[in-house]
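User: Hi, I'm new to this one. Could you zoom in on one part and walk me through it at an easy pace?

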Amino acid sequence: MKRLQYDLVVVGGGSGGYAAARTARELGASVAIVDHGPLGGLCILKGCMPSKTLLASSDRAQDIRESVELGIAASEPSIDLRAIFARKRAVIAGFAEYRIEGLKSFPLYQGPASFESSSAVRVGEDVVLEAQNFIIATGSAVAPAALPGLEEAGYVDSDEVLERDRLPKSIVVLGGGYVGCELGQFLARMGVKTTFLIRAGHLLSTEDKDVGDALTLYFREEGIDVRTGAQLSHVETRGREKVVHYIAEGRAQTVVAEEIFYALGRVPNFEGLALDRAGIECHAITGIEVGLDLRTCVPNIFAVGDVTGEYPLVHVAIYQGELAARNAVTGGSEVADYALQRAHTIFTDPQIAVAGRTEKELLAAGVPYLSGSYLFSEHGKAVAINRTKGFVKMMASPQDGRILGAAIVGPEASDLIHEVIVALYFGSTVHEFLKIPHLHPTLAEILTYPAEDIAMQMSARGMPAVAAAV
Ligand SMILES: Cc1cc2nc3c(=O)[nH]c(=O)nc-3n(C[C@H](O)[C@H](O)[C@H](O)COP(=O)(O)OP(=O)(O)OC[C@H]3O[C@@H](n4cnc5c(N)ncnc54)[C@H](O)[C@@H]3O)c2cc1C
């Protein structure tokens with residue numbers, strides 16, 4: 001048995017763990033990483049990057065279908081699934097290779113980690129790593145299937161949707177979160193008859209109603225069957241088909257398909273870590289509990305990324321990893337602030353992007369606000385390029401016009417939202433936002449309309465334009 005010592009041991013070399021290790025090393029600490037593999041992390045191997053690579057193909061197919069509206073007649077695109085998935089594999093292999101090179105610049109122990117105590121982690125059978133501090137970054141796993149009959153009938157999860165280059169003729173998507181929506185739309189655009197069964201009244205139930213309603217409408221317009229208010233009951237097989245039973249509008253109903261895509265979320269992953277031996281508290285759904293300084297209840301052990309059950313987003317995992325590493329190395333108590341970090345985007349078509357506070361949150365918190373919105377169908381550049389689905393909305397304080405949040409449903413929303421994030425960072429008011437030049441004709445210009453609308457509402461109430469304090 002080898003026993004080795006480091007200042008910091010990072011368990012998990014995905015987005016959060018890798019960011020933590022790099023930050024700690026830059027601060028002069030000796031750092032080791034433990035990862036049982038496959039090396040690369042969720043984002044690169046089975047998350048953001050493979051999904052966006054596949055979506056590039058399905059979005060392009062849709063552009064071709066819609067090009068007739070621009071005077072370019074094209075026949076139904078011929079889909080070469082093997083080529084699409086081969087491209088995805090090649091792209092991902094490149095990203096993974098680069099990340100693995102980075103991981104190997106650290107002492108890297110490849111094997112399952114389990115805590116022996118709060119100061120030692122065992123890797124496999126032969127190695128024990130002792131350290132002053134540990135950062136746990138072991139990510140998440142697909143939530144266990146909790147629907148009677150589902151295991152027996154069989155199903156695919158996001159990992160499999162991203163891998164399979166043979167698609168079923170029809171699929172039922174269980175769950176209307178962002179993974180289900182992105183990959184469900186991919187499947188539909190690849191020619192799979194797609195039905196969503198969701199309990200809520202619209203897709204993306206955690207977003208504002210107008211945002212979720214818009215996506216639900218666009219999915220339906222595209223021929224995707226979205227069944228809302230569905231209380232799942234059980235699954236059975238009938239020959240080669242799978243039948244999902246559910247209750248909606250007070251009566252028992254079914255949907256029959258060749259395959260089921262189980263997209264009801266992910267849960268924090270701490271399997272095999274023997275956290276109890278280190279005295280760390282955790283919960284199967286909410287993950288490892290951490291304070292804002294990312295310490296667990298054991299002060300020399302930190303947790304970051306999906307395993308904390310906080311915002312399961314790559315930029316948040318990186319932010320947390322860097323912050324935890326600084327606190328671990330310096331002994332500091334820097335605290336995380338998620339007000340801006342919780343901004344997020346969904347790569348459906350049209351895309352969705354949200355920054356700051358949602359209307360739902362403002363209403364729940366009783367925070368007064370003014371709002372303005374504008375349709376892409378009324379925006380010159382969007383009309384010119386024929387990308388007219390969706391809208392932007394902005395919320396601001398009625399007292400001083402300070403921007404509180406924004407949502408975009410529409411073309412390039414994932415990029416457009418960054419202007420709002422910058423505005424929020426600097427505490428900008430709508431009046432200041434309007435002083436920033438917006439080039440013409442651009443999609444970005446559209447954000448000036450809700451800002452202008454709010455400024456006019458303020459002036460109608462006799463409120464003067466106020467400069468930001470920052
Ligand atoms: C289909 C899909 C699409 C997504 N798209 C986006 C997106 O567009 N944008 C976005 O921001 N986020 C997206 N996400 C979420 C994002 O991928 C995750 O939030 C992020 O990758 C989490 O990083 P992490 O460092 O917490 O964990 P991970 O990257 O999962 O890293 C965990 C690491 O720990 C290792 N490990 C686990 N257990 C052990 C153990 N016991 N011993 C040793 N090693 C262990 C694993 O091998 C792994 O390398 C997507 C997720 C999915 C599933």
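Analyst:
**A loop and the ligand shell**

P38 sits in the loop between β2 and α2; helices (H or I, at least four residues) and strands (E, at least two) are DSSP runs, numbered from the N terminus. Before going on: this is a predicted model, where local features need pLDDT of at least 70 and side-chain atom pairs pLDDT 80 or more, while totals for chains, interfaces and linings use all residues. Residues are numbered from 1 along each chain as its sequence is written, and side-chain values use heavy atoms, with hydrogens and water left out.

In that loop, G37 and P38 are joined by a cis peptide bond, with omega about 0 degrees.

Now the ligand. It is surrounded by 35 residues, and G16, D35, K52, D306 and V314 are the closest; to be counted, a residue needs a heavy atom within 4 Å. Both β2 (31-35) and α2 (42-45) supply at least two residues of this shell, as do α1 (15-26), α3 (48-66) and α7 (178-189). The largest share, 3 residues, comes from α3.

Some polar contacts (N or O pairs within 3.5 Å) are worth finding. The side chain of K52 has an N or O atom 2.8 Å from a ligand oxygen, and a polar side-chain atom of D306 is also 2.8 Å from a ligand oxygen. P312 joins in through its backbone, where a polar atom is 3.2 Å from an oxygen of the ligand. On its own the ligand exposes 1000 Å², and the protein buries 94% of that; these areas come from the Shrake-Rupley method with a 1.4 Å probe.

Key: Polar contact = N/O pair within 3.5 Å; in protein donor to acceptor, adjacent residues only side chain to side chain.
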